[in-house]
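Reader: Hello! Could you walk me through this model and tell me what lies behind the labels you use?

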Amino acid sequence: MHNQLLRLDHEKVQRARQLAQAIALEVQEDILRHTTVSVERTVARFFGIDGTNQEGIPLANVVVDQVLQAGHLDRGIAFWLANAVVALDRTPQQIAEAAGKELRLCELPMQDPHAVSKVMEVYTEEALAAIRAQRQRREALQEKLGRGEEPLKYVIVASGNIFADVDQAKTAARQGADIIAVIRTTAQSLLDYVPYGTTTEGFGGTYATQANFRVMRKALDEVSEEVGRYIHLVNYCSGLCMPEIAAMGALERLDMMLNDAMYGILFRDINMERTFADQYFSRLINAYAGIVINTGEDNYLTTADAFEQAHTVLASNFINEQMGLVAGLQNWQLGLGHAFELDPKMKNGFLYELAIAQTIRQIFPEAPLKYMPPTKHMTGDIFMGHVQNAMFNLASVMTGQSIHLLGMLTEAIHTPHLSDRSLSLENANYVMENARDLAKEISFKPDGLIQRRSEAIVDQVVDFLADIEVKGLKTAISEGYFADIRRSKDGGKGGDGVILKASDYVNPVMDRMQRELGVSPSCERGETR
């Protein structure tokens, strides 16, 4: 950090936080009234249900779809599974296998409520114990091996074949990468089920499956020992299976998850109610597992102008922060996103980039901010691309970013070759080590361009959040407030998988996580800690 920081108007920053909290809590009231098919499938998975039926349909989908079609999912899948365990003296896995054939869960006689509750407690504790064990394992390995120096260098692998991804990931770690993200295959976010097993045929990425998570985690543990630092694993906890993938990540010890409150609505046209309900449970799981989330504000600047709409990125950071806090995440788990996306032809563009990066860094001092590279204005000129990335690397180390997604010189041309990634790592290592302590040597001019730009963004964000607080977040999204994209309040994919909870609804996993994380099941909490 600088000897002399930007001068922020702390009253305005506090006002922005209060507005974002009010926005988040209004959405939270709606979230708590609903469950979704993906929330219920997550509970089924936590109860030990795994695998597929003879048609290849995941058994978690089989049991939830059966209860949904019977019209009783509003009571929660946990109740129906526990009732069946008591009635039939079988495990949830055996019940799921039978449900794929002759068994009808909702036609079984109602069992003793105390016995049913006890079964729910037992399977909930087994799941949470497994998550706690993985969290402790991560903490022990990080204590033993240490981590890379921030900004942590984050690279992607995306071959489509998990075993080829392993080779690429190990090579990247040896070349200096600290974080490996396995990009999902194209459009997996729109599948309303999670594929099963190890996979070798993805397009533009690799399927996110629990087996693939396990394979990559094992490989990164091996290379972590080899290079002498803990290598982090990332995947995508978004789309129609957001909480299920969070559960898989928690059970297989992923370290970070891309997990945004609004991304699915804006960029995948997923139903608002579905997205908000799913992100809440997914964030509870990530909070409990000690996983850092990465939000997706960088995407706004691929569709909207990075200079004119910079305040929308900061506004979304505030909203993602508050929705994360409401779901039990700690400040150190909030990898809020932003990006180096100004037009490289803009005069003093680097100074404007520093202004927004430093402003966000100071407003969220405990957050492991994720800084995204230039993409929108990258061209086929790989030499200019390499220079743009060097400027991005300099901005990142100067402003104390935490998670740094490496820019690739071949961005906008093709999926990076191994040599491209190696050159990007060399670039980042060179710039960051050469400018490691630059921030300690300089200060911002009190009436300079960077300070004035920072003040303008903070002024804009307060007005912008005040508008949203009056309208409500759903209306604001429908009117194109973020990313210049408009989405219908009631439309979007997956809306038929949203269910209004009955008065006797039960989700014992959510209840336990809320209790242990100190999260109120009603709408309280947020702001900052």
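Author: Gladly, and please keep in mind that this is a predicted model. A good place to begin is the largest nonpolar core, which has 161 residues. Those that touch the most other members are Met262, Phe276, Phe281, Phe318, Leu473, Phe482 and Met513.

Reader: Which residues does Met513 touch, leaving out those up to four places away in sequence?

Author: Met513 touches Phe46, Leu128, Ile131, Phe281, Leu284, Ile285 and Tyr288. There is also a second, separate core of twelve residues, and Phe340, Ala355, Phe392 and Met398 are among them.

Reader: Why is Ala287 called buried?

Author: The label buried is given under 20% relative accessible area. Ala287 has 2% relative accessibility, so Ala287 counts as buried. This alanine lies in helix H11.

Reader: What does Ala287 touch, not counting residues up to four places away in sequence?

Author: The partners of Ala287 are Arg135, Ala327, Gly328, Leu329, Gln333 and Leu517. Take Gln333: 46 residues separate Ala287 from Gln333 in sequence, while their C-alpha atoms are 7.5 Å apart in space.

Reader: And Asn235, how do you know whether that one is buried or exposed?

Author: The relative accessible area of Asn235 is 3%. The cut-off for buried is under 20%, and therefore Asn235 is buried. Asn235 has its place in strand E4, residues 232-236.

Reader: What makes the pair formed by the side chain of Asn235 and the backbone oxygen of Val182 a polar contact?

Author: The side chain of Asn235 reaches that backbone oxygen of Val182 at 3.3 Å. A polar contact needs N or O atoms within 3.5 Å, so the pair at 3.3 Å qualifies. Setting aside residues up to four places away in sequence, Asn235 touches Val182, Arg184, Ala208, Phe213, Leu254, Met256, Met257 and Leu258.

Reader: Let's move to empty space. What is the volume of the largest pocket, and which residues are closest to its centre?

Author: The largest pocket has a volume of about 1,200 Å³. It is lined by 40 residues, and Ile156, Ile183, Tyr236, Tyr263 and Asn299 are the closest to its centre. Strand E2 (152-157), helix H10 (263-268) and strand E9 (370-372) each supply at least two residues of this lining. E2 gives the most, with three residues. By class, the lining of the largest pocket holds 17 nonpolar, 16 polar and seven charged residues.

Reader: How many cavities of 30 Å³ or more does the structure hold, and what makes a space a cavity and not a pocket?

Author: There are four cavities of 30 Å³ or more. A space is called a cavity because a 1.4 Å probe fits there but cannot get out, whereas a pocket is open. The largest cavity holds about 90 Å³ of space. Its lining has 13 residues, with Leu301, Ala306, Ala310, Glu353 and Ile356 nearest the centre. The elements giving two or more residues to this lining are helix H13 (310-326), strand E8 (337-339), helix H14 (349-363) and helix H18 (449-471). H14 has the largest share, three residues. The lining of the largest cavity divides into ten nonpolar, one polar and two charged residues.

Reader: Which residues line the second largest cavity?

Author: Ile31, His34, Thr35, Val39, Ala277, Tyr280, Lys501, Tyr505 and Met510 line the second largest cavity, whose volume is about 50 Å³. Strand E1 (34-36) and helix H11 (272-289) are the elements that give two or more residues to its lining. By class, six of the lining residues are nonpolar, two polar and one charged.

Definitions and conventions: Residues are numbered from 1 along each chain as its sequence is written. This is a predicted model: local features need pLDDT of at least 70, side-chain atom pairs count only at pLDDT 80 or more; totals for chains, interfaces and linings use all residues. Side-chain values use heavy atoms; hydrogens and water are left out. A nonpolar core is a set of buried Ala, Val, Leu, Ile, Met, Phe, Trp, Tyr and Cys residues joined through side-chain atoms within 4.5 Å. Buried means under 20% relative accessible area, exposed over 50%, partly exposed in between (1.4 Å probe, protein chains only). Contact means heavy atoms within 4.5 Å. On a 1 Å grid over the protein atoms alone, a cavity is a set of points where a 1.4 Å probe fits but cannot get out, and a pocket is an open set with protein on both sides within 12 Å along at least five of seven lines; lining residues have an atom within 4 Å of a point. Grid points are joined across faces, edges and corners, and a volume is the space filled by probe spheres set on the points. Helices (H or I, at least four residues) and strands (E, at least two) are DSSP runs, numbered from the N terminus. Ala, Val, Leu, Ile, Met, Phe, Trp, Tyr, Cys and Pro count as nonpolar, Asp, Glu, Lys and Arg as charged, and the others, Gly among them, as polar. A polar contact is a pair of N or O atoms within 3.5 Å; within protein, one must be able to donate a hydrogen and the other to accept it, and residues adjacent in sequence count only if both atoms are side-chain atoms.
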